[in-house]
Amino acid sequence: MADMLVRLYDLPDSRDIYSRLKERNIEIVRPMSFNRDKVLDWIKENFGQGWSTETAMAFGTHPISCFVAVDRAHGEILGFAGYDCTYKNFFGPTGVKKEARGGGIGTALLLRCLEAMRDEGFGYAVIGDVGPTEFYARTVGAQVIENSAPGVYKFSI
């Protein structure tokens, strides 16, 4: 799968999506360091050890480079997204619990991470080893980087 490039200076306005989620008692929050084990255990349970290990890197940065979607009414995590986990300036991994998909949580997590990357001084971001290229193209105008497969992941053992 190829990598994609996003212009962080040209992101869509996210206020409406955050507002719609808040009406459903869902918030996108940056976890605190003491949330590390809870978040990583949730990722491992829902998406596997690989993404949990990758996201663990987010808790070693300051600020922590991941966000979670939290259902405040039920006190549960619904999704997560990280950046600067595998490589600097890379978005991902990201995932939303199966039962919570289709309601804008994935979009909100994506936008919140990209906004954080922009606010930390990046003009562009890379989405590595993309599966749903149409989603990223439609949502944030991401474009496929030619000849980027397998990209940085070719160094994996």
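L5 is part of strand β1, which spans residues 4-7. The model examined here is predicted. L5 has a relative accessible area of 34% and is therefore partly exposed, since the buried class ends at 20% and the exposed class starts over 50%. L5 also contributes to a nonpolar patch on the surface. Its partners there are Y9 and Y124. Together, L5, Y9 and Y124 present about 310 Å² of accessible area.

Charged pairs were examined next. Side chains of opposite charge can pair when their charged atoms come close. Across the whole structure, the search returned nine salt bridges. One of the pairs joins R7 to D10, with an N to O distance of 3.0 Å. R7 falls within the residue range of strand β1, residues 4-7. The relative accessibility of R7 is 30%, so R7 is classed as partly exposed. D10 is likewise partly exposed, because its relative accessibility is 43%.

A salt bridge also connects the side chains of R36 and D37. Here the N to O distance is 3.3 Å. R36 has 35% relative accessibility and therefore counts as partly exposed.

The pair D84 and K88 brings together a buried residue and an exposed one. Their side chains form a salt bridge at 3.8 Å, N to O. The cut-off for a salt bridge is 4 Å, so this pair is included. D84 shows 10% relative accessibility; it is buried because this value is under 20%. K88 has a relative accessible area of 62%, which is over 50%, so K88 is exposed.

Salt bridges also link three residues into a network. The members are K22, E27 and R72. K22 falls within the residue range of helix α1, residues 15-23.

Helix packing was then considered. Two packed helices are described by the angle between their axes and the distance between the axes. Helix α1 covers residues 15-23, and helix α4 covers residues 105-119. Their axes come within 10 Å. The crossing angle is roughly 130 degrees. That angle makes α1 oblique to α4, because it lies above the perpendicular range of 65 to 115 degrees and does not exceed the antiparallel limit of 145. The α1 and α4 crossing is left-handed.

Key
Residues are numbered from 1 along each chain as its sequence is written. This is a predicted model: local features need pLDDT of at least 70, side-chain atom pairs count only at pLDDT 80 or more; totals for chains, interfaces and linings use all residues. Side-chain values use heavy atoms; hydrogens and water are left out. Patches are made of residues with over 30% relative accessible area and no salt bridge: like charges are joined within 9 Å, nonpolar side chains (Val, Leu, Ile, Met, Phe, Trp, Tyr) within 5 Å. Accessible areas come from the Shrake-Rupley method with a 1.4 Å probe; for residues, only the protein chains shown count as cover. Helices (H or I, at least four residues) and strands (E, at least two) are DSSP runs, numbered from the N terminus. Buried means under 20% relative accessible area, exposed over 50%, partly exposed in between (1.4 Å probe, protein chains only). Axes are lines fitted to C-alpha atoms, for helices over the stretch in contact, and angles run from 0 to 180 degrees between N-to-C directions. Angles under 35 degrees count as roughly parallel, over 145 as roughly antiparallel, 65 to 115 as roughly perpendicular and the rest as oblique. A crossing is left-handed if the near helix is turned anticlockwise from the far one by less than a right angle, and right-handed if clockwise.
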